[in-house]
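Visitor: Please take a close look at one part of this structure, the loops and strands, and work outward from there. I would like the residues named as you go.

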Amino acid sequence: MAYQQFYTGFLNANKGKQHYACHSHYFWPDCTREAMLNYWDDSAKYVDEKWGYFFQTLVPELQQRISKILNTGAPEQIVFAPNTHELLYRIMSCIDSAAPYKVVSTDSEFHSFQRQASRLEEQGAIELITVPTKPYHTFASRFKAAIAEHNPELVFFSQVFFNSGYVVNDVSDIVHSVTNDNTLVVVDGYHGFMAKPTDLADIAHRIFYLSGSYKYAQAGEGACFAHVPVGCKLRPTYTGWFAEFGELDKPRETGGKNNVQYSLDGMRFAGATMDFTALYRLRAVLRMFEDNSLDVAAINDYVMSMQRTFLKKLADCNHPLLNEKHLAVNNEMNRGHFLTFELDNADVTKALASKLKAHHILTDFRGNRLRFGFGLYHTPEYIDLRALSEIP
Ligand SMILES: Cc1ncc(COP(=O)(O)O)c(C=O)c1O
């Protein structure tokens with residue numbers, strides 16, 4: 001199947017370039033353009049009634065589709081927000097603790113968590129226990145040991161680490177190791193959702209799963225979501241008026257103060273007014289995949305085959321820096337949709353990324369790690385590494 005046909009708009013706008021940053025910002029399929037126009041048309045048509053229309057049609061459809069992709073069995077537990085940071089902070093705001101509370105996490109979390117956690121630690125609000133992800137093959141056991149030792153209020157880790165592409169295949173195992181029912185468990189699934197086949201059935205009652213559409217769901221910025229654990233009765237302090245939609249929990253006695261009620265389902269983690277354009281784009285992409293019988297397993301197979309093609313072509317280049325020896329993750333079974341090359345230092349990495357860019361090979365880098373992402377708009381012919389012979 002030729003998938004490039006779905007991406008003609010972005011491909012035409014980037015002729016002559018090789019875009020390997022889909023792990024950061026995926027090209028948008030053509031169907032998203034019409035979706036944005038539909039949003040405009042529906043806003044004009046429904047005006048004040050549009051929110052009712054969105055919550056009766058768009059939101060349930062997306063909840064169903066996402067829940068099916070992740071096999072949570074609980075579509076009503078999906079809640080949307082413009083970014084995952086907002087959802088993370090809302091989850092953290094459920095922890096009611098005068099003393100610093102403990103958070104067990106890793107040294108490879110994206111800035112949305114890392115920066116926020118560092119600031120809270122600086123303020124003395126949390127005690128942050130950071131487990132190194134390397135060596136990867138012992139990560140899961142070291143992480144479980146840290147959870148057992150510290151008995152934290154919050155556990156936060158990624159399904160796929162953004163700075164290496166390493167896939168944590170033992171997510172369920174880690175989650176099941178948390179014996180304290182009061183510990184909140186959050187999985188950052190941004191590099192997993194729509195990239196790696198993911199089945200949350202046996203942990204859907206226990207975890208918050210965060211993701212969004214900017215990367216592998218291909219719908220651009222603005223459509224993030226959380227799966228909220230089934231049966232969750234938590235009451236986020238950072239709460240918006242959307243959290244009061246639908247059926248509400250029973251009034252409770254709060255020491256004579258006003259009682260704040262929450263939706264019974266995932267909406268209890270909702271914020272407030274947001275632009276739903278991105279949700280229109282997301283719906284269009286997910287419908288397009290269904291219409292073309294493209295599921296996550298098929299997408300993953302295709303993308304991993306592109307990685308293999310790339311590595312084969314790369315081997316022929318004998319490049320001193322870009323070669324398999326510098327790969328962060330060698331075993332394909334533990335690799336997400338991007339290759340990470342670990343180089344000597346940040347300067348060398350930045351210089352190489354700039355030279356590649358001058359040859360219209362677009363990548364991205366973090367410190368000494370250069371990342372090449374792969375997507376459905378790549379083909380064996382698209383991958384052309386001949387320019388490497390001119391880049392020392
Ligand atoms: C692992 C991971 N989590 C989250 C995000 C996005 O976070 P936010 O939605 O808060 O901007 C990214 C990248 O954009 C990421 O790589």
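Guide: Helices and strands are runs assigned by DSSP, with at least four residues for a helix and at least two for a strand, and they are numbered from the N terminus. Everything that follows concerns a predicted model.

With those names in hand, start at a loop. P135 sits in the loop between β4 (126-131) and α6 (139-150). The peptide bond that joins K134 to P135 is cis, with omega at about -10°.

Two more loop residues deserve a stop. N318 belongs to the loop between α9 and β9. Its phi is near 50°, which is positive, and N318 is a residue other than glycine. A residue counts as exposed if 12 or fewer other C-beta atoms lie within 10 Å of its own. N318 has 10 C-beta neighbours inside 10 Å, so it counts as exposed. H360 is found in the loop between α10 (346-358) and β10 (361-362). H360 is not a glycine either, and its phi is positive at about 65°. Because H360 has 14 C-beta neighbours inside 10 Å, it counts as partly exposed.

From the loop that holds N318, the chain leads to β9. Four of the five residues of β9 are buried, so this strand is largely enclosed by the rest of the structure. Its partner is strand β12 (residues 369-373): five bridges join the two, and they run antiparallel. Within this pair, T340 of β9 stands opposite R371 in β12.

Now compare another strand, β5 (residues 154-158). Five of its five residues are buried, so β5 is largely enclosed by the rest of the structure. L154, F156 and S158 point one way from β5, while V155 and F157 point the other way. Residues on both of these faces are buried.

The strand also has named partners. Strand β3 (residues 101-106) is joined to β5 by two bridges, and the pair runs parallel. V104 has V155 in β5 as its bridge partner. Strand β6 (residues 184-188) is also parallel to β5, and five bridges link the two. Here S158 of β5 stands opposite D188 in β6.

V155 turns up again in the nonpolar core. The largest nonpolar core has 105 residues, and V79, V155, V186, F208, A226 and L282 touch the most other members. Helix α8 (residues 277-291) gives the most to this core, eight residues. Domain 1 (3-30 + 294-390) and domain 2 (33-289) both give residues to the core, so it lies between them. As a general matter, nonpolar side chains in soluble globular proteins tend to be buried together.

L282 can be followed further. Leaving aside residues up to four places away in sequence, L282 touches L62, S213, A217, A219 and A223.

The place of E61 is in helix α3 (residues 50-70). A residue is partly exposed when its count falls between the buried limit of 20 or more and the exposed limit of 12 or fewer. E61 has 16 C-beta neighbours inside 10 Å, so it counts as partly exposed. Along the chain, E61 and Y216 are 155 residues apart, and 19 Å separates their C-alpha atoms.

Step back now to the domains. The assignment for the protein chain gives domain 1 as 3-30 + 294-390 and domain 2 as 33-289. Taken over C-alpha atoms, their centres are separated by 28 Å. Where they meet, 25 residues of domain 1 are in contact with 25 residues of domain 2. On the domain 1 side that touches domain 2, α9 (296-317) and β9 (338-342) each supply at least two residues. The largest share of that side, four residues, comes from α9. Sorted by class, the domain 1 side that touches domain 2 has twelve nonpolar, nine polar and four charged residues.

The last stop is the ligand. There are 13 residues around it, and N83, H85, F110, S112 and Y190 come nearest. The shell around the ligand has five nonpolar, seven polar and one charged residues.

Terms used. Residues are numbered from 1 along each chain as its sequence is written. This is a predicted model: local features need pLDDT of at least 70, side-chain atom pairs count only at pLDDT 80 or more; totals for chains, interfaces and linings use all residues. A residue is near a molecule or strand if its C-beta atom, placed from the backbone, lies within 6 Å of it. Ala, Val, Leu, Ile, Met, Phe, Trp, Tyr, Cys and Pro count as nonpolar, Asp, Glu, Lys and Arg as charged, and the others, Gly among them, as polar. Domain bounds come from an automatic or database domain assignment. Two residues are in contact if their C-beta atoms, placed from the backbone, lie within 7 Å. A nonpolar core is a set of buried Ala, Val, Leu, Ile, Met, Phe, Trp, Tyr and Cys residues joined through C-beta atoms within 7 Å. Two strands pair if DSSP finds at least two bridges between them.
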